[in-house]
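Here is a short note to read alongside the model. Please keep the structure open and check each point as you go.

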Amino acid sequence: MTSKVSGIAASDGIAQAKAYLLIEPDLTVEKTSVTDTDVEKKRLSKAIDESKEQLAKIRAIAAESLGEEEAQVFDAHTMVLSDPDLIDQTHAVIDNEKVNADFAFKQVTDTFIAMFEGMEDNAYMQERAADIRDVRKRVLARLLNVTLPSPATIEEEVIIIAEDLTPSDTAQLNKKYVKAFVTNIGGRTSHSAIMARSLEIPAIVGTKNITELVTEEDYLIVDGIEGEVFINPSEQDTAAFNKKAEEFSQLKQEWDRLKDEPSVTKDGKHVELAANIGTPKDLEGVNSNGGEAVGLYRTEFLYMDSSELPSEDDQYEAYKKVLEGMGERPVVVRTMDIGGDKELPYLELPKEMNPFLGYRAIRVSLDQDGIFRTQLRALLRASVHGTLRIMFPMIATLPEFREAKAILEEEKAKLIEEGTAVSDSIQVGIMIEIPAAAVLADQFAKEVDFFSIGTNDLIQYTMAADRMNERVSYLYQPYNPSILRLIKGVIDAAHNEGKWAGMCGEMAGDQIAVPLLVGLGLDEFSMSATSILKTRSLLKTLDSNKMKELSAKALSECSTSEEVVDLVNQYLA
Ligand SMILES: C=C(OP(=O)(O)O)C(=O)O
Ligand SMILES: [Mg+2]
């Protein structure tokens with residue numbers, strides 16, 4: 001008999017296949033008393049190290065199959081495992097209560113999870129709780145000496161049924177066999193949902209109890225559009241779904257038709273939809289999703305993926321590949337942004353109290369200008385292979401920009417003197433990710449060719465809330481009117497000088513933020529490639545004048561992030 005289960009539609013599409021239950025092993029821990037607490041601390045440390053190794057392997061698989069941006073989730077997990085608080089508190093429980101590491105680790109992570117989950121209205125905190133749950137399983141499995149299931153081993157067409165899919169589970173999914181997934185818990189912004197959208201497989205999350213309702217003998221239809229699962233559908237249901245699947249594939253084809261279309265609002269206002277990339281390999285996704293430009297090429301991965309400083313020729317080859325791959329379309333290459341959370345083992349950077357406020361990005365480049373000049377020469381040589389735009393990260397003051405630009409000009413003059421061809425139409429711009437630069441945007445706009453707003457950092461610096469610190473992440477608020485005001489100031493400043501303003505922080509692809517950013521007059525939106533076609537189709541439904549009214553209202557009438565979100569939803573309704 002058919003039965004129907006509802007949940008939250010997390011990723012579009014319709015699929016049918018047999019069920020595959022992704023069952024967790026029993027990770028129940030027993031409390032035991034110990035006398036030698038050092039042994040327990042060593043067991044913990046070994047389990048954590050092995051978990052980090054596993055995570056590194058999964059991260060590599062994810063980078064390969066999903067792209068660099070998605071794979072960065074695992075960096076967050078590795079960070080959890082390196083959190084000194086987590087380790088110190090576990091050690092304290094082992095020492096004080098003289099108990100086994102498994103019990104102590106479970107108890108401490110329980111406290112962390114309860115604290116984050118307690119902040120019910122804060123989706124970000126809920127995600128952090130999920131991250132800890134995910135990492136904890138890995139460590140407990142090592143401590144208990146049991147094997148976690150590995151979705152990577154699936155070799156027939158299935159629909160995965162699970163309590164939740166962790167990012168590491170999702171990263172191992174092979175699209176060829178996994179046709180969809182359905183989970184008990186989660187929301188539209190949970191990692192599993194984001195991953196499903198980027199893999200382009202249908203997904204339903206938050207069904208509460210699908211794992212209790214489905215067995216491996218069942219055949220399923222997943223309707224990711226409505227958020228409904230049909231267990232053992234009748235012939236009639238199947239026929240209805242075949243029809244619906246056909247209609248959806250037509251919709252996808254319509255989206256695909258948008259692939260080569262301009263990105264315009266309902267009333268014909270054009271914006272540019274660009275992609276963020278980390279390596280030349282990411283170009284495939286840019287092209288298959290109709291990216292009009294590369295709005296951010298994070299070149300630091302060139303440095304991080306290597307065991308020594310990449311040579312000028314190695315860099316030239318990478319830049320050339322991207323420029324050629326994009327043809328006429330512009331490519332914004334950001335010079336190296338090392339420091340903060342991005343370390344280079346072979347470049348001795350000092351240990352700092354506040355790395356995000358320290359020796360980072362352009363500060364390193366201007367200080368160690370040999371490295372900077374090598375990168376600039378490689379870029380200048382590659383410039384003849386496409387439309388290159390050069391962008392400097394973490395600019396705080398005008399003298400920094402002037403110095404960086406002067407070095408660029410020097411290297412350009414040298415190359416020309418050596419007889420090397422260099423494009424004469426390279427735009428040179430800056431990231432706006434430090435509030436000082438946002439506030440002084442009118443001055444910067446007279447000297448730069450463009451701005452790209454890096455909201456990932458701009459938000460952390462404006463709110464004084466470390467983007468990596470879970471305890472203060474409730475303050476990490478993209479829609480806070482203070483952030484919107486800064487963004488407005490930057491866009492207006494650029495336009496007053498006839499320059500363009502883009503955004504390459506995560507906010508540019510956020511479907512709540514897009515209507516506001518259209519209203520504020522943002523020219524270029526740079527995001528993960530897989531968000532482009534959806535955003536292009538959202539744009540077609542927006543009236544630019546109405547969005548102007550929306551953003552003006554958000555700025556004049558809203559005093560909190562929540563009020564802004566409500567207002568956007570009213571306008572989109
Ligand atoms: C795009 C940005 O740069 P990154 O995330 O690499 O710091 C940003 O800060 O918004
Ligand atoms: Mg940044």
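1. Start with the sheet. The model is predicted, and it contains an open sheet of 8 strands. Their order is 1-8-7-3-4-5-6-2, and the pairing is mixed. As background, strands of a sheet pair through backbone hydrogen bonds, either parallel or antiparallel.

2. Which strands stand at the edges? They are strand 1 (3-6) and strand 2 (8-11). Each has a single partner strand, so one side of each is left without a neighbour in the sheet.

3. Next, the twist. Neighbouring strands of this sheet are turned against each other by 30° on average, with direction ignored.

4. Now look at one pair. Strand 4 (residues 158-162) runs parallel to strand 5 (residues 178-183), and 5 bridges join them. To find the pairing on screen, pick Val158: its bridge partner in strand 5 is Val178.

5. A helix lies against this sheet. Helix 10 (residues 235-257) packs on it and touches strand 3 (14-21), strand 7 (219-223) and strand 8 (228-231). The direction of helix 10 makes about 120° with that of strand 3.

6. Turn to the ligand. How many residues surround ligand 1? There are 15, and the closest are Arg298, Arg334, Gly454, Asn456 and Arg467.

7. Check the polar contacts of ligand 1. One of its oxygen atoms is 2.8 Å from a side-chain N or O atom of Arg334. An oxygen atom of ligand 1 is also 2.8 Å from a polar backbone atom of Asn456. For Asp457, a side-chain N or O atom is 3.0 Å from an oxygen atom of the ligand.

8. Is ligand 1 covered or open? On its own it has 290 Å² of accessible area, and the protein covers 99% of that.

9. Last, the make-up of the shell. Strand 11 (293-298) and helix 19 (455-463) are the elements that give two or more residues to it. Helix 19 gives the most, with 3 residues. By class, the shell has 8 charged, 4 polar and 3 nonpolar residues.

Technical notes: Residues numbered from 1 in each chain as written. Chains lettered and ligands numbered in written order. Predicted model: local features only at pLDDT ≥ 70, side-chain atom pairs only at ≥ 80, totals over all residues. Heavy atoms only, no water. Near = heavy atom within 4 Å. Polar contact = N/O pair within 3.5 Å; in protein donor to acceptor, adjacent residues only side chain to side chain. Areas by Shrake-Rupley, 256 points an atom, 1.4 Å probe, with all protein chains shown as cover. Helix = DSSP H or I, 4+ residues; strand = E, 2+ residues; numbered from the N terminus. Nonpolar A, V, L, I, M, F, W, Y, C, P; charged D, E, K, R; others polar. Pairing = 2+ DSSP bridges. Axes fitted to C-alpha atoms, helices over the stretch in contact; angles between N-to-C directions. Contact = heavy atoms within 4.5 Å.
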